[in-house]
Structure formats: C-alpha cells, structure tokens
2 protein chains.
Amino acid sequence: MYLINDKEFKCSVTVTLDVFNDRWKLAIIWHLLDNEKRFKDLRQEISEITQKTLTVKLKELEAKNIIHREVFAQVPPKVVYSLTNIGKKLEPLLQEMYKWGIDYTKEFGTITASCKNIK
Amino acid sequence: MYLINDKEFKCSVTVTLDVFNDRWKLAIIWHLLDNEKRFKDLRQEISEITQKTLTVKLKELEAKNIIHREVFAQVPPKVVYSLTNIGKKLEPLLQEMYKWGIDYTKEFGTITASCKNIK
DNA sequence: TCCTTTAGTAACCTAAAGTATCCTAAACAT
DNA sequence: ATGTTTAGGATACTTTAGGTTACTAAAGGA
C-alpha cells in the first residue's frame, strides 16, 4: 500500500498515473528535461497550451515537488522553472514514451521528421 | 512530424501522450501485461473504475490497436481482452512508471506494502 | 506620453469525462 | 418457476479540465 498525504494507492503505477493524469504535465516535464525554462519559453515551445492552463499545471507540478519555481525580482517579471531531483528521475519514463511513440507511428501512421532526441 | 490518421504531432512523446490522455488506459494495460483477462476480471482488479467507463476505455484501446477483443459465443457471455504486439511494447514504459512511483512515494509518502512486480 | 513586455489573476463558459441507475438475453442450477 | 451470471446498452446527471477574454503592475524605450 502506498500513502501520499492521506491518499491511498494499491500500486506504485497508480501513484504515477495519479500524478500525471492530464494532457499537459508530462509534456511540460519533457520540455524541462534539457534545460530550465522561463514561463514564456514554455508557452512558445508548447504552443497548443493556453496561458492559464500552463500556470495551473506549473502550480500543480510545483505543489507535487516535481518542479522548482524561482522568481527574479525584476520588471518585466522573470520566473524560471526547473526540475527537482525527483522530477529529473522522470527522464527514463519519457524516453520510453518517446520510443513507443515512434514504434506506434511506424505501425499506424507516418513519420516525416523526427523530434528532438534526448541526449 | 508524426501523422496518425490526419492528426499531426510535433514529437513522438506527444503521440504517446495523446493515446493515453486519461486516468484509465495505462492502468488497464498494466493489468493486461501479465495475462489476458475477461471483462469481469478487469472490473474486479481495477475496482475504482465503473462498468461503463471500463467498456468505453476498452473500446478506445481496441480502436487504437493496443488491445485485442475476443468474443466467445456462449452464455453468459465471455469476452477476453489481450494486448496486441504494440500493446506489449508498453511494458518498459509501465515498468518505469512502477519504479518512479516507488521513488516518489519514498520521498513524499509512505510504503506499507509493495504491489505486484513485473516478471 | 504612450506602448511594450512578462507572468500572472479573475470571471465566465463549454465540452468531455465520468457516475448512477436501470434494463437485457439466454443458459444453467436449484 | 425463479434466481444467478456476464457483458454490455440507454438514459440522465454531475464534475472537472480546459478555453476565452479581459485585466494588472512596473520598468524601460520611442
């Protein structure tokens, strides 16, 4: 049994699924893997996400200790997001997602150009 | 660029995220990894899911070629679900989810008993 | 003086996801 | 005769994720 602030899980897979139960969080992690990023950089790179959703998801990730938020006292504002230690440990998972996405597209779709590789 | 029936993706990670954009699909796969299962078995093992949601999610997974559905002509009905080849290739991904869930719980929660291991 | 930039917040709305409840067919056991 | 079992379908409802639009503060530049 797994307990995370009064929430019970039967299995550690369920823990992970519960943390990332939406369209955006893992995509954000993916973009933070190579470098820390400013808010506006994430907005540009994940262009389909709206500003509000991005702020909401970043807050959720921060609350779950997956990312770290650093505010610079300057104008216009500057806020930099980076992965925590546990956040960085998501890299193998995302690499598997990367690989499976390619396998799946090879079977049921078409690849015209590959996306960035993780180092 | 990745193309799957007229839907475009910038990155193969996005492809994977798009296939599994809900709470349930990967949990279902997880339970099908060790064995094919009947509908009622899945209902019992993933006890939090409702019957309707389970049927919907199984249909979606079948439509995406991740699982295979076999109907036996008998009464009461018997329907067995199993992973396709591409579905089986999700095992490493789920293993990473399994591992990360443990890491995360160790840091921010409590483990009282571990869930089943993948062979 | 006014515009631009950044990282948000607030109020409102919609579509989709999920829940709850009830119904069915047909074989079998009692 | 009746109840049980299985894999759903039908309908109606609630919840929540996410989108849309508009607003802000404060420094610096034209």
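Which residue of S6(B) is the bridge partner of A:Tyr2? I will begin there, because the answer takes us across from one chain to the other: the bridge partner of A:Tyr2 is B:Ile111.Before going on, I should say that this is a predicted model, in which local features need pLDDT of at least 70 and side-chain atom pairs count only at pLDDT 80 or more, while totals for chains, interfaces and linings use all residues, and side-chain values use heavy atoms, with hydrogens and water left out. Residues are numbered from 1 along each chain as its sequence is written, and chains are lettered from A and ligands numbered from 1 in the order in which they are written.

Let me return to the sheet that holds that bridge. Its 3 strands stand in the order S2(A)-S1(A)-S6(B), forming an open sheet with antiparallel pairing; here helices (H or I, at least four residues) and strands (E, at least two) are DSSP runs, numbered from the N terminus, and two strands pair if DSSP finds at least two bridges between them. At the edges are strand S2 (7-9) of chain A and strand S6 (110-111) of chain B, each of which pairs on one side only. Strand S1 (residues 2-4) of chain A is joined to S6(B) in the antiparallel sense by 2 bridges.

Two helices accompany this sheet. Helix H6 (residues 91-108) of chain B lies across S1 of chain A together with S6 of chain B, and runs at about 55° to S1(A), where axes are lines fitted to C-alpha atoms, for helices over the stretch in contact, and angles run from 0 to 180 degrees between N-to-C directions. Contact, in turn, means heavy atoms within 4.5 Å.

There is also an open sheet of 3 strands in the order S6(A)-S1(B)-S2(B), again with antiparallel pairing, whose edge strands are S6 (110-111) of chain A and S2 (7-9) of chain B. Within this sheet, strand S1 (residues 2-4) of chain B pairs with S2(B) over 3 bridges in the antiparallel sense, and B:Tyr2 stands opposite B:Phe9. Helix H6 (residues 91-108) of chain A lies across S6 of chain A together with S1 of chain B, at about 55° to S1(B), whereas helix H1 (residues 12-19) of chain B lies across S1 and S2 of chain B, at about 130° to S2(B).

How is chain B superposed on chain A? A rotation of 180° with 0.0 Å of shift along its axis does this, with an RMSD of 0.1 Å, and that is the relation of a two-fold axis. The superposition is by least squares on the C-alpha atoms of residues with pLDDT of at least 70 in both copies. Since 100% of the interface residues of chain B are also interface residues in chain A, the copies meet through the same surface.

I turn now to the DNA, starting with strand C. It is surrounded by 20 residues, of which the closest are A:Gln51, A:Lys59, A:Arg69, A:Pro77 and A:Tyr81; a residue is near a strand if one of its heavy atoms lies within 4 Å of it. Of the atoms of DNA strand C within 4 Å of the protein, 68% belong to sugar or phosphate and the rest to bases. Among the polar contacts, which are pairs of N or O atoms within 3.5 Å (within protein, one must be able to donate a hydrogen and the other to accept it, and residues adjacent in sequence count only if both atoms are side-chain atoms), a polar side-chain atom of A:Gln51 lies 2.5 Å from a base nitrogen of DNA strand C, and a polar side-chain atom of B:Lys52 lies 2.8 Å from a base oxygen of that strand. H4(A) provides the largest share of the surface near DNA strand C, 4 residues.

For DNA strand D, A:Lys52, A:Lys57, B:Gln51, B:Arg69 and B:Tyr81 come nearest of the 21 residues around it. Here 64% of the strand's atoms within 4 Å of the protein belong to sugar or phosphate, and the rest to bases. A polar side-chain atom of A:Thr50 lies 3.0 Å from a phosphate oxygen of DNA strand D, while a polar side-chain atom of B:Gln51 lies 2.5 Å from a base nitrogen of DNA strand D. The largest share of this surface, 4 residues, comes from H4(B).
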